[in-house]
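Subject: Handing over the structure, with notes

Hello,

Here is the structure I promised to pass on to you. Please have it open while you read the notes that follow.

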Amino acid sequence: MAGRFSRRVHAYAQQKGIPVIHCEPGVRKHELAQQHQPSDPNFQGLFLILVAKAPGLVWEVQTGKKGVPHLERKTPWPYVNHYHFHLIDREWGHVTIKMSGHPSFGVQVMLNGHEWVERRARRQTISLLKEGNCFVEESFQALDRIADPLRAAPAIGRLAKVCNRWFIRVVCASP
């Protein structure tokens with residue numbers, strides 16, 4: 001299944017013109033993704049797929065004493081390909097969906113609350129200045145008010161929406 005998943009990811013990327021880069025150990029993937037980030041401020045969608053090895057859950061079929069097959073986890077976890085789907089979301093900005101290439105295809109979603117606050121502030125025409133990922137100068141009180149919804153229970157719904165929106169569109173799509 002892992003080989004089939006890899007072939008489908010590569011075929012999808014080729015069809016859509018999305019670069020796929022296989023990373024050596026030690027590569028700072030987020031910095032590499034920033035170099036490929038689209039310059040068009042209105043861009044939304046997948047712009048890069050990075051592939052890197054990381055420990056992953058792998059199941060192995062074993063035969064029991066009575067000849068009955070059963071599944072066992074490989075220990076220690078072997079290093080397997082993980083796919084980092086980098087995309088731009090209209091609400092959250094740069095989002096990364098990291099997915100193991102082996103069943104059970106574990107998924108991790110990485111996003112940045114500062115990008116969410118920045119996008120909301122710009123829509124409300126609140127002046128702000130950022131250096132890297134940090135807000136500097138300007139109206140910290142206004143930014144705190146914008147960020148407040150991320151501290152409340154409904155924030156889980158916001159996170160679920162962005163995950164569902166992109167996981168189905170990007171990760172489950174294939175040629």
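Let me begin with the aromatic rings, where ring pairs link Phe 5, Tyr 83 and Phe 105 into a cluster; rings of Phe, Tyr and Trp (its six-membered ring) pair if their centres lie within 6.5 Å, and planes under 30 degrees apart count as stacked, over 60 as edge-to-face and the rest as tilted. Before going further, please keep in mind that this is a predicted model, in which local features need pLDDT of at least 70 and side-chain atom pairs count only at pLDDT 80 or more, while totals for chains, interfaces and linings use all residues. Residues are numbered from 1 along each chain as its sequence is written, and side-chain values use heavy atoms, with hydrogens and water left out.

The structure holds three aromatic pairs. One of them is formed by Phe 5 and Tyr 83, which meet edge-to-face with 5.2 Å from centre to centre and 75 degrees between the planes. This pair links distant parts of the chain, since Phe 5 belongs to helix α1 (residues 2-16) and Tyr 83 to strand β5 (residues 79-89), 78 residues apart; helices (H or I, at least four residues) and strands (E, at least two) are DSSP runs, numbered from the N terminus. Both Phe 5 and Tyr 83 are buried, where buried means under 20% relative accessible area, exposed over 50%, and partly exposed in between (1.4 Å probe, protein chains only).

Phe 105 is in the loop between β6 and β7, and its phi is near 55 degrees, a positive value in a residue other than glycine. In the loop between β6 and β7 (107-110) you will also find Ser 104, and the peptide bond that leads to Ser 104 from Pro 103 is cis, with omega near 15 degrees. A further cis peptide bond runs from Thr 75 to Pro 76, with omega near -10 degrees. These are worth a second look, because most residues other than glycine have a negative phi, and most peptide bonds are trans.

Next come two helices: α3 (residues 113-123) and α4 (residues 140-147) pack at an angle of about 110 degrees, with their axes 9 Å apart. Axes are lines fitted to C-alpha atoms, for helices over the stretch in contact, and angles run from 0 to 180 degrees between N-to-C directions. The two helices α3 and α4 are therefore roughly perpendicular to each other (65 to 115 degrees). On the α3 side, Trp 116, Val 117, Arg 120 and Ala 121 meet Leu 143, Ile 146 and Ala 147 of α4, where contact means heavy atoms within 4.5 Å.

Trp 116 also has a polar contact of 3.3 Å with the side chain of Glu 91, side chain to side chain; a polar contact is a pair of N or O atoms within 3.5 Å, and within protein one must be able to donate a hydrogen and the other to accept it, while residues adjacent in sequence count only if both atoms are side-chain atoms. Glu 91 lies in the loop between β5 and β6 and counts as buried, at 18% relative accessibility.

Finally, Thr 96 in strand β6 (residues 93-100) is buried, with a relative accessible area of 6%, and its side chain makes a polar contact of 3.1 Å with that of His 86.

Best wishes

Definitions and conventions: Parallel < 35°, antiparallel > 145°, perpendicular 65-115°, else oblique.
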